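Visitor: Please take a close look at one part of this model, the packing of its helices, and then place that part in its surroundings.

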Amino acid sequence: MTKVEFLDELKKQIAEYPSGETEQSLEYYSEMIDDRMEDGMTEGEAVASLGKIEDIARQIKEELPLATLVKQKTKEKTHGKRLPVWAIILLILGFPLWGGLVITILAVVVSLYAVIWVIDIALWSLVIVFAVSSLVGVIGCVLSAVHGAFGSALFYLGAGMVCVGLGIFLFLGMRLLTKGLCHGTAWCFRQFKKAIIG
Amino acid sequence: MDIQLKRGLLEVCALSVLLEEDSYGYKIIKDLEGCITISESTLYPILRRLEAAGALSVYSAEHNGRLRKYYKITDEGRKKIQDFLDEWKDIMNVYEYIEGKMKA
């Protein structure tokens, strides 16, 4: 075996190791052969004296740090984990079935989300209703008082006050609820992104 | 010989060769021939490990129109040899003790 053949074969066997590692190893063994030939060996003798290429490759691998080996393993695993052809064909053929299911589930999720916001909007309208009602109460109270209907005036005042109170409570609650909904939406998006990035 | 033990010994052997002068792979092996037999594929990881530990530094120099890697011992490397000698003093004491018991 010549030096070039030896280095080619060794390169093949350690090619999957980190590139810096491969290069350094090849340089080292190339230098070793050169030095042996300078010392009087023929090329064939020099190569033969280095021993089996498999042993050399294994020895290099044994010295690699564990982290590098683990990385190597996972890389190999994901490489080999391509879907088989039959699975891809099944996926395509089954699209009318699973496609419909996926779309339905998506639609349900979107509708539920929309419903939440609709409730939110409805409750906000209630806040407006309370505000308008309290205004009406005040106006009614003044008008009734002017006309001398003190009973009605008292009723309008009371009703207006109740509306003001409920309105303020609901307003404060709704502000919290809407804020929470916004935060919740942002959170869901973040989780979704995380799940995709992995 | 126990592999782990041999490894440790070879590290110190390789370093001690460098005490005299900077050297290169093939010469280190030849210099060690009188002391312990070591193959290229065994020496390679040892040199790499010593380099990673900072016990020696590597530089390339031209030789006959090609680059050859030379290894130079560092202070860290000298300390490693000294540690080895100190440690083995203890081990030798234990050795003599055991040997004496065996003879008695």
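Guide: The answer begins with one pair of helices and then moves outward.

This is a predicted model, in which local features need pLDDT of at least 70 and side-chain atom pairs count only at pLDDT 80 or more, while totals for chains, interfaces and linings use all residues. Residues are numbered from 1 along each chain as its sequence is written, and chains are lettered from A and ligands numbered from 1 in the order in which they are written.

The pair consists of helix 1 (residues 3–14) and helix 4 of chain A, whose axes lie 10 Å apart at an angle of about 40°. Axes here are lines fitted to C-alpha atoms over the stretch in contact, with angles from 0 to 180 degrees between N-to-C directions; helices are DSSP runs (H or I, at least four residues), and strands are E runs of at least two, numbered from the N terminus. The two helices are therefore oblique to each other, a term for angles that are not under 35 degrees, over 145 or from 65 to 115. Helix 1 of chain A passes helix 4 of chain A in a right-handed crossing, that is, the near helix is turned clockwise from the far one by less than a right angle.

On the helix 1 side, the contact (C-beta atoms, placed from the backbone, within 7 Å) is made by F6(A), E9(A), L10(A), Q13(A) and I14(A). Helix 4 of chain A contributes I53(A), I56(A), A57(A) and I60(A). By class, seven of these residues are nonpolar, one is polar and one is charged. The nonpolar class holds Ala, Val, Leu, Ile, Met, Phe, Trp, Tyr, Cys and Pro; Asp, Glu, Lys and Arg are charged, and the others, Gly among them, are polar.

Helix 4 of chain A also takes part in the meeting of the chains. Here 13 residues of chain A are in contact with twelve residues of chain B. Helix 2 (19–38) and helix 4 (53–63) of chain A each give two or more residues to this side of chain A, and helix 2 gives the most, with seven. This side of chain A has four nonpolar, two polar and seven charged residues.

In chain B, L15(B) touches L50(B), A55(B), L56(B), I73(B), G77(B), K80(B) and I81(B), not counting residues up to four places away in sequence.

Note on methods: Two residues are in contact if their C-beta atoms, placed from the backbone, lie within 7 Å.
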